[in-house]
Amino acid sequence: MIEKIAQLKAEIESLSPNDINEVEQLRIKYLSKKGEVSLLFNDFRSVPLEQKKEVGKSLNELKNFATEKINALRANLESAETLDPTLDLTRTATPIPLGSRHPLSIVREEIISIFSRLGFTVAEGPEIEDDWHVFSSLNFAADHPARDMQDTFFINRTPDVLLRTHTSSVQSRVMEHTTPPIRIICPGRVYRNEAISARAHCFFHQVEALYVDKNVSFADLRQTLLYFAREMFGSDTRIRLRPSYFPFTEPSAEMDISCNLCGGKGCSFCKHTGWVEILGCGMVDPNVLEACGIDSKVYSGFALGMGIERITNLKYQVKDLRMFSENDKRFLEMFQSAH
């Protein structure tokens, strides 16, 4: 009898039900009137008189143990069912300060989102590039000033390997291996050999867009720019295009938006002109299309590019470019509720 009690106790101790229903079945199996523990009490009548004290004590201990075990299993499963599955039980109870996304990341994603609604997809490329993709394929003359060491970081003084100075290199890579239509947006970090100040840095971030297809016109470019400006800065935003020059576009233009601080009336931010420059753009030069293997007699396209820091400055009035890369917590905490 003592041996049966020990075996049943070991069996109950090893129980591991998966849900409340299994717990109830185990209760019936062991503790009901016809359960295994109850049957041992029935067998107690046949135990010799001299063993009754020891066996009776063991039986009572077994019944109490089985009852406590079943109740504990039920309680554990009930608490697990009501527990939030997203709750991290390993996390410290000490309050942890919330982080925030970097303002450049916030604006970058907003720009990508706006252009994605126009059918543009993201394309990326290497930051360490060659001369062909950064300059030659984009119609830069051999003596163009941008090739000079003062503007470009060359790798190990090798003239053919350099840190990209603009994300237009991604456009040339895509055009080389893609048959139009092409509709891409190219965000990324770029590098230029400039003195670091409140208005300039040796590295910054750009977003460029490219659209190549049959019958693409300057009107398509203007409507794209107007849509972007109003989505980014508000529905009352106005734009104007001023003639400019870029080696890879012809005709070329710079785009201004009506100052979002004074509404175009004139303030210190816009130097009392009512306008703020935000990007450069133009129709893709036929030489660029041909260099990348695209027939310029069949296809045309437009390209545009802007600095993410510039757009972030306009949205959040950040006056010092160095703040974007200094990782000052006080500055970053200002953007906790931005997105």
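**A helix against a mixed sheet**

Colleague: What do the buried residues of α7 pack against?
Modeller: This is a predicted model. In it, the contacts of the buried residues of α7 take in both strands and helices. The partners are β2 (128-130), α6 (131-134), β4, β5, α9 (286-291) and β9.

Colleague: Which residues of α7 are buried?
Modeller: Helix α7 spans residues 168-177 and is mostly covered. Of its 10 residues, 7 are buried. They are S168, S169, V170, Q171, S172, V174 and M175.

Colleague: In what order do the strands of the open sheet stand?
Modeller: There are 7 strands in this open sheet, and their pairing is mixed. The order is β1-β4-β5-β9-β8-β7-β6.

Colleague: Which strands stand at the edges?
Modeller: An edge strand here has a single partner strand, so one of its sides is left without a neighbour in the sheet. Two strands fit: β1 (121-122) and β6 (239-246).

Colleague: How many bridges pair β4 with β5?
Modeller: Strand β4 covers residues 182-191 and strand β5 covers residues 203-213. P187 has V207 as its bridge partner in β5. I184 has L210 as its partner in β5. The two strands pair in the antiparallel sense, and the bridges number 10.

Colleague: How many residues of β5 are buried?
Modeller: Strand β5 is largely enclosed by the rest of the structure. That follows because, of its 11 residues, the number buried is 10.

Colleague: Which residue of β9 stands opposite D213?
Modeller: β5 and β9 run antiparallel and are joined by 8 bridges. Y211 has F302 as its bridge partner in β9. For D213, the residue opposite in β9 is S300.

Colleague: Which residue in β9 does G282 stand opposite?
Modeller: Strand β8 spans residues 275-284 and pairs with β9 in the antiparallel sense. That pairing runs over 5 bridges. Opposite G282 in β9 stands A303.

Colleague: At about what angle to β4 does helix α5 run?
Modeller: Helix α5 takes in residues 103-116. It lies across β1, β4, β5 and β9 (300-307). Angles over 145 degrees count as roughly antiparallel. The angle of α5 to β4 is about 165°.

Colleague: How are the rings of F135 and F140 arranged?
Modeller: The structure holds 7 aromatic pairs. In the pair F135 and F140, the ring centres are 5.2 Å apart and the planes are at 70°. Planes over 60 degrees apart count as edge-to-face. So the F135 and F140 pair is edge-to-face.

Colleague: Is F140 buried or exposed?
Modeller: Buried means under 20% relative accessible area. F135 passes that test at 1% relative accessibility. F140 has a relative accessible area of 10%, so it counts as buried.

Colleague: How many residues apart are Y211 and F302?
Modeller: Y211 and F302 form an edge-to-face aromatic pair, 5.6 Å centre to centre with 75° between the planes. The pair links distant parts of the chain, with Y211 in strand β5 and F302 in strand β9. The separation in residues is 91.

Colleague: What is the relative accessible area of F302?
Modeller: Y211 is buried, with a relative accessible area of 14%. F302 is buried too. Its relative accessible area is 1%.

Colleague: Which residue lies over the face of Y211?
Modeller: A charge sits over a ring if NZ of Lys or CZ of Arg is within 6 Å of the ring centre and within 35 degrees of the ring normal. For Y211, the distance to the ring centre is 4.4 Å. The residue lying over its face is R183.

Colleague: Over which ring does the charged end of K9 sit?
Modeller: The charged end of K9 is 5.4 Å from the ring centre. The ring belongs to F65.

Colleague: Which residues do ring pairs link into a cluster?
Modeller: F135 and F140 make an edge-to-face pair. Ring pairs link these residues into a cluster with others. The members are F135, F140, F246 and F248.

Colleague: What do the buried residues of α10 pack against?
Modeller: Helix α10 covers residues 308-316. Its buried residues are I308, E309, I311, T312, N313 and L314. They pack against α5, β5, α8 (218-233), β7 (249-258), β8 and β9.

Colleague: How are α1 and α3 oriented to each other?
Modeller: The axes of helix α1 (residues 2-13) and helix α3 (residues 36-43) come within 11 Å and cross at roughly 170°. K4, I5, L8, E11 and I12 in α1 meet E36, V37 and L40 in α3. Given that crossing, the two helices are therefore roughly antiparallel.

Methods. Residues numbered from 1 in each chain as written. Predicted model: local features only at pLDDT ≥ 70, side-chain atom pairs only at ≥ 80, totals over all residues. Heavy atoms only, no water. Pairing = 2+ DSSP bridges. Helix = DSSP H or I, 4+ residues; strand = E, 2+ residues; numbered from the N terminus. Contact = heavy atoms within 4.5 Å. Axes fitted to C-alpha atoms, helices over the stretch in contact; angles between N-to-C directions. Buried < 20%, exposed > 50% of the residue type's maximum accessible area, 1.4 Å probe, protein only. Phe/Tyr/Trp six-rings, centres within 6.5 Å; stacked < 30°, edge-to-face > 60°. Parallel < 35°, antiparallel > 145°, perpendicular 65-115°, else oblique.
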